[in-house]
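Here are a few exercises on aromatic rings, each with a worked solution. Grab your viewer and work along.

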Amino acid sequence: MAEVVEGREMTKENMGQQNTPRTQCRTQGVPSALDRVRQAARRSRNERFSSLFHHLTPERLSASYRKLKRNAAPGVDGVTWKQYAADLDENIEELYLRLQRGGYRAKPSRRTYIRKQDGRKRPLGIAVLEDKIVQRAATEVLNAIYEVDFLGFSYGFRPGRQAHQALDALAVGIHYKKINWILDADVRGYFDSIDHDWMMKFLEHRVVDPRMLRLIRKWLKAGVIEDGKRSASETGTPQGASISPLLANIYLHYVLDLWVQQWRRRHARGDVIIVRWADDLGIGFQYEDEAKRFHAELAERLRRFSLELHPDKTRLIRFGRHARQNSGGQDGRKKPETFDFLGFTHYCGVTRKGKFTIRRITMRKRLCAKLREVRGELRRRMHQSIAEQAKWLRSVVRGYYQYHAIPGNWSAIGAFRKQVARMWYWTLKRRSHKSRLNWKRMRRIAEAVLPRARILHPWPEQRFAATIRGRSPVR
């Protein structure tokens, strides 16, 4: 605030702060520009915004640049983060002027592939640096509107929301609602199937600024370059682009979320819960007939908007407090089915007192894939010093705990640590046939280097209650 009063420009660290001074009575003064957009969006869900493009200021573009990953792969132009920083002020100013006069042109993304756990390859589009900057700034502006509109059961790629919150919401919903059936659903090739015309129509429900809409259409139509050949994009939004997660959420907000909310209120007799992380859905039902009906109507609803459920990843299973006795066997010994969601396998368990509880353990294929990744990297680092290897392995194990160390998953994270120690032992043994390393010494090294397995996350009920803070959660 002192910077504003004294007439100086705000420093880089303070650019995200309120840029208007307080009144003499020391109450909050005029809200910032995006706060006013957010307030207008909250006042009326029918408000349409015709003036958003001017929020793409040089300050916002510069702040977006600083939030980008410094070591990210360059796009088709080969410009890296460090190269752009050499003349940052001039580059940002020139980019801003091109945006204002309509001279900005979106460049095609560079196509690359990453290997999935099932052996297939997922296509990614690496945008050029300037496209990332503008997309990130536009996402910040549009979030001021759509974070007001998005429903509570949508968690994926939203500011302030994490995967563990979605996991908590699903676990709490199954435990405290009368849920007996789970529809584990996934949209096939979602990011590549988004219809551009429908996307623009959905955006126009809230945004009527022609320059902002034109900018988004440029990114959708930019296309990709693969093996030196450029191909136009008729559908989809490239995975890897900064604005793609927001556009994907907007599309499913109108195609799925609002429809599910309406279906639940009009047609459901029993309890229905839903948790969505991007295109990965976990939907719980009290009655089997409602679950089957919803499944059929959901497939038809998605088909109208050029989407379809993945046949191999979508299934309806019996799950809940009565699943064990109703799972098939007359003696009740047949185990109920399990389902995977956000990296964890969910199955029906019992407490020491015999009460129903939800158990969550790391998906086996996720665990194996991570161990294969660690083994390959250890081979590459075979001849590094033990200190360098130890530093890297410590960060790997600690990072694995940060996500997977949830209550009830101690055995899985303990197995991961044990396997990492074993792979490290054999890597050190292979460095020389004269190695005198044995398991007794290796255990001492592992105890000193690798963090011990311990639970880092609270129980779902505790964190979910703290998250909603007394508010009624969205079912």
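**Exercise 1.** Work out whether F344 is buried or exposed.

Solution. The relative accessible area of F344 is 0%. Buried means under 20%, exposed over 50% and partly exposed in between (1.4 Å probe, protein chains only), so F344 is buried. A word on the source: this is a predicted model, where local features need pLDDT of at least 70 and side-chain atom pairs count only at pLDDT 80 or more, while totals for chains, interfaces and linings use all residues. Residues are numbered from 1 along each chain as its sequence is written, and side-chain values use heavy atoms, with hydrogens and water left out.

**Exercise 2.** Classify the pair that F202 forms with Y251, and place both residues.

Solution. Start with the rule: rings of Phe, Tyr and Trp (its six-membered ring) pair if their centres lie within 6.5 Å, and planes under 30 degrees apart are stacked, over 60 edge-to-face, the rest tilted. The structure holds 19 such aromatic pairs. For F202 and Y251, the centres are 5.4 Å apart and the planes sit at 70°, so this one is edge-to-face. Next, location: F202 is in helix α9 (residues 196-203) and Y251 in helix α11 (residues 244-267), 49 residues apart. Helices here are DSSP runs (H or I, at least four residues), numbered from the N terminus. Finally, burial: F202 has 5% relative accessibility, so it counts as buried, and Y251, at 0%, is buried too.

**Exercise 3.** Find which residues ring pairs link into a cluster.

Solution. Follow the ring pairs through Y190, F191, W198, F202, Y251, Y254 and F305.

Terms used
Helix = DSSP H or I, 4+ residues; strand = E, 2+ residues; numbered from the N terminus.
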